[in-house]
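This report covers the sheet, the helices packed on it, the nonpolar cores, the aromatic pairs and some backbone details. The sequence and model come first.

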Amino acid sequence: MDALAGLLDGPRARGAYLLRVVLDPPWSMRIEDQAPLALVSVVRGSAWLLRGRKDPVEIQAGDVLVIRGPEPYLVADHPTTPPQVIIHPGERCTTVYGEDLAIAMDRGVRTWGNSDDGQTVMLVGTYQDAGEVSDPLLRALPPMLVLTKEDWDSPLVPLLAAEIVKDDQGQSAVLDRILDLMLIAVLRTWFSRGDTAPGWFRAQSDPVVGRALRMLHNHPAHPWTVAELATRLGVSRATLARRFADLVGEPPMSYLTSWRLALAADLLREPHSTLAAVARKVGYSNAFALSTAFKRVRGVSPHNHRAALSDSSPPSPVDQGQSHVL
């Protein structure tokens, strides 16, 4: 398995929130749902995204936006339009004064907005639970990425547009899989662009470092050393260490530690996995060794990481056509 395949094997939506949003200006929504990842496809019109102190970003019809949470952001018809709606955790939507908008802005099956046929139409899919997207993938993504219609054209967008308003049996499972496919297709395109891809992705084309990365990714539990890697690659330790650091941005063993702990973070999402079993799978001799490394690098213990994942699980899905937004 190559590094990208390992990352893209992660998205597993389970009752994700999917919505068709139909709006006439002026409109502005502050998103405070704390979701780990959201995907927005603009079908008609345009929208502006504002986040922190960064410059506003405009997305047009045909563009696709991926937003990494949990930090809040603003989506509006214009950067100067003040917020009118706040999206809270659990997809609860209110005015800025706290008045509930679930019924007032309901426009039918998985459709929400201030108009039945607005100037702007967006398809929105949100992964509510951190366990639905792999930890290595989230760590590899920027806070926000945009693919324009010139960058990416896929039949998945019209497919989602057709399926999102259906109320058939098993429809939530169909929509989950379409959302996963859309995210994978978008990210594969984005990672393939050399100007935006992380160093480890670009390094895969290097005859030495690319092979080293594949070894580390395919066999994370092996007791790797720089010397063994260099021997298997037929280069000196100094050559491997220098080329790896230049292309990836960190030494081989540092990268391996990060990869092992990212895998461990994913494995800890399984409620029946013991810490000792996870440790063996990712190359640590025992649970204590994994716990020490995990807390040193990630700042929390494996136990607290697992507890945080449990606390972030969303409520049971209900009729998404009534109140689920962004």
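## Sheet and packing

Strands β6 and β12 are joined by 4 bridges and pair in the antiparallel sense. Helices (H or I, at least four residues) and strands (E, at least two) are DSSP runs numbered from the N terminus, and two strands pair if DSSP finds at least two bridges between them. The model is predicted, so local features need pLDDT of at least 70 and side-chain atom pairs count only at pLDDT 80 or more, while totals for chains, interfaces and linings use all residues. Residues are numbered from 1 along each chain as its sequence is written, and side-chain values use heavy atoms, with hydrogens and water left out.

Within the β6 and β12 pairing, Leu-65 has Val-146 of β12 as its bridge partner. Both strands belong to an open sheet of 6 strands with mixed pairing, in the order β10-β1-β11-β3-β6-β12. The edges are β10 (111-113) and β12 (144-147), each with a single partner strand, so one side of each has no neighbour in the sheet. From one strand to the next the twist averages 20 degrees. Elsewhere in the sheet, β3 and β11 run antiparallel and are joined by 7 bridges; there Arg-44 has Val-121 of β11 as its bridge partner.

Helix α4 lies across β1, β3, β6 (64-68), β11 and β12, and runs at about 85 degrees to β12. Axes here are lines fitted to C-alpha atoms, for helices over the stretch in contact, and angles run from 0 to 180 degrees between N-to-C directions. The two faces of β12 differ in cover: Leu-145 and Leu-147 are on the covered face, Met-144 and Val-146 on the uncovered one.

Leu-147 is buried, with a relative accessible area of 0%; buried means under 20%, exposed over 50%, and partly exposed in between, for a 1.4 Å probe and protein chains only. Leaving out residues up to four places away in sequence, Leu-147 touches Gly-62, Asp-63, Val-64, Trp-152, Val-186, Thr-189, Trp-190 and Arg-193, where contact means heavy atoms within 4.5 Å. The C-alpha atoms of Leu-147 and Ile-59 are separated by 9.1 Å, although the two residues are 88 apart along the chain.

Helix α3 (residues 156-163) has the buried residues Leu-156, Val-157, Leu-160 and Glu-163. Viewed down the axis of α3, these buried residues fall within an arc of 135 degrees and so line one face of the helix; the arc is that of the directions from the helix axis to the C-beta atoms. An α-helix has 3.6 residues a turn, so residues three or four places apart point the same way. The buried residues of α3 pack against β1 (17-23), β3 (37-44), β11 (120-127) and α4.

## Cores and aromatic pairs

A nonpolar core is a set of buried Ala, Val, Leu, Ile, Met, Phe, Trp, Tyr and Cys residues joined through side-chain atoms within 4.5 Å. The largest has 48 residues, and Leu-141, Trp-152, Phe-191, Phe-244, Val-248 and Tyr-255 have the most contacts inside it. Helix α4 (residues 171-191) supplies the largest share of this core, 10 residues. A second, separate core of 24 residues includes Leu-19, Met-29, Leu-49 and Ile-87.

The whole structure contains 2 aromatic pairs. Rings of Phe, Tyr and Trp (its six-membered ring) pair if their centres lie within 6.5 Å; planes under 30 degrees apart are stacked, over 60 edge-to-face, and the rest tilted.

| Pair | Centre to centre | Angle between planes | Class |
|---|---|---|---|
| Trp-190 and Phe-191 | 4.9 Å | 70 degrees | edge-to-face |
| Phe-244 and Tyr-255 | 5.9 Å | 65 degrees | edge-to-face |

The second pair links Phe-244 in helix α8 (residues 237-248) to Tyr-255 in helix α9 (residues 252-267), 11 residues apart. Phe-244 is buried at a relative accessible area of 0%, and Tyr-255 is buried at 7%. In the other pair, Trp-190 is buried at 6% and Phe-191 is buried at 0%.

## Backbone details

A cis peptide bond with omega of about 0 degrees joins Pro-25 and Pro-26; Pro-26 is in the loop between β1 and β2 (28-31). The bond from Gly-69 to Pro-70 is also cis, with omega near 5 degrees, and Pro-70 is in the loop between β6 and β7 (73-76).

Gln-34, which is not glycine, has a positive phi near 65 degrees and is exposed, with a relative accessible area of 54%. Glu-91 likewise has phi near 65 degrees, but is buried, with a relative accessible area of 0%.
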